[in-house]
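Reader: Please take one metal site in this model and go through it closely, together with the empty spaces in the protein. I am a first-year student, so give the cut-offs for the terms as they come up.

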Amino acid sequence: MAATSFGREREATAERLLTSSLRTSYDPTVEIDWTAPHVPGAYWLPPKRSSLYGTPLWAGLSEEQRVELTRHEVASAASAGVWFETILMQLLIRQYYDADPTSRHAQYALTEVADECRHSIMFGRLIEALGCPVYRAGRVDHALGRFLKSTARGPQMYAAILIAEEILDTFQREIMADESLQPLIRMVSRIHVVEEARHVRFAREELPRQVAAAGPVAIAYARLLIGRAAYSIASRLVHPDAYAAVGIRPAVGRAAARANPHWRATLRWSASRAYENLADLGLVAGPGRALWARAGLI
Ligand SMILES: [Fe+2]
Ligand SMILES: [Fe+2]
């Protein structure tokens, strides 16, 4: 009985999301003028969202260097975006392998993969247009990502998806509304926000069903994995090498960001929606919770 009503809810959600996908989907290779010149002097992030904002290092930068730092911070976040999306696509495809291809739920999962294919191309184009390097995950995080994408299922799969999507989404909603910022990053953010709203809905509605279906051992394991995923995502948002672009040694910049109360407040702000939702479901607890705290997310 419960399984049947779960199945009906799941199909109804997927049907709505498929209809919305038909109405508003974007091809960034067509919609965005990648060769448009950048606006001189405009920031790529609201300055208060820079990881060094308010620190003595920030005070020591010229206006031009501050803009330059936000450009590299955006390239770092876009690099992290591609990394998360590659993991996410594989998670969805792995689940699809066992799914009923006639179900709307499975068809929406494929639609989400199609969205993420376009997003990763968009982020790749963005990094290129920024003239920045691809800021790749470190060896440990890269290996953990490979483990996650090859093994995660059930609650930890949807929770990891939600954390990554909601953190980036919080930054992007602010960017798209801020007319002082570079038009290119506002446009990229707008496209991403519109399409990610469906992904967040999909994961948010599926997660409680997955929690209800999981046993206590699976939940304990999920809490730990979710905490580690949250930690990787938060620490990868700004790659330490981004600081070198404005003449700051990576280790020095990273230490300053970690100790920066403004940046810590920004991290908590970005994670608050995901955190509240996961905490309500009992997915932030035990050693996993300590990882959320160590990452500065709570
Ligand atoms: Fe995306
Ligand atoms: Fe997404």
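Author: H199 is buried, with 0% relative accessibility; buried means under 20% relative accessible area, exposed over 50% and partly exposed in between (1.4 Å probe, protein chains only). E196 is buried too, at 2%. These two residues stand three apart in helix 8 (residues 183-213), so about one helical turn separates them. Helices (H or I, at least four residues) are DSSP runs, numbered from the N terminus.

This is a predicted model, in which local features need pLDDT of at least 70 and side-chain atom pairs count only at pLDDT 80 or more, while totals for chains, interfaces and linings use all residues. Residues are numbered from 1 along each chain as its sequence is written, chains are lettered from A and ligands numbered from 1 in the order in which they are written, and side-chain values use heavy atoms, with hydrogens and water left out.

Both E196 and H199 are donors of the iron ion (ligand 2). Donors are N, O and S atoms within 2.8 Å of the metal (3.2 Å for Na, K and Ca); water is not among the atoms, so sites may look incomplete. The protein donors are E116 (OE), E165 (OE), E196 (OE), E196 (OE) and H199 (ND1), at 1.9 to 2.4 Å from the ion. Along the chain their spacing is E-x48-E-x30-E-x2-H. E116 coordinates the iron ion (ligand 1) as well, and the two ions lie 3.6 Å apart.

E116, E165 and E196 also line the second largest cavity, along with G81, F84, E85, L88, A164, L168 and H192. On a 1 Å grid over the protein atoms alone, a cavity is a set of points where a 1.4 Å probe fits but cannot get out, and lining residues have an atom within 4 Å of a point. The volume of this cavity is about 60 Å³, counted as the space filled by probe spheres set on the points, which are joined across faces, edges and corners. Helix 4 supplies four residues, the largest share of its lining.

The search of the whole structure finds two cavities of 30 Å³ or more. The largest has a volume of about 230 Å³. It is lined by 19 residues, and L45, V74, A77, L168 and I175 are the closest to its centre. Here too the largest share comes from helix 4, with five residues.

Conventions
On a 1 Å grid over the protein atoms alone, a cavity is a set of points where a 1.4 Å probe fits but cannot get out, and a pocket is an open set with protein on both sides within 12 Å along at least five of seven lines; lining residues have an atom within 4 Å of a point.
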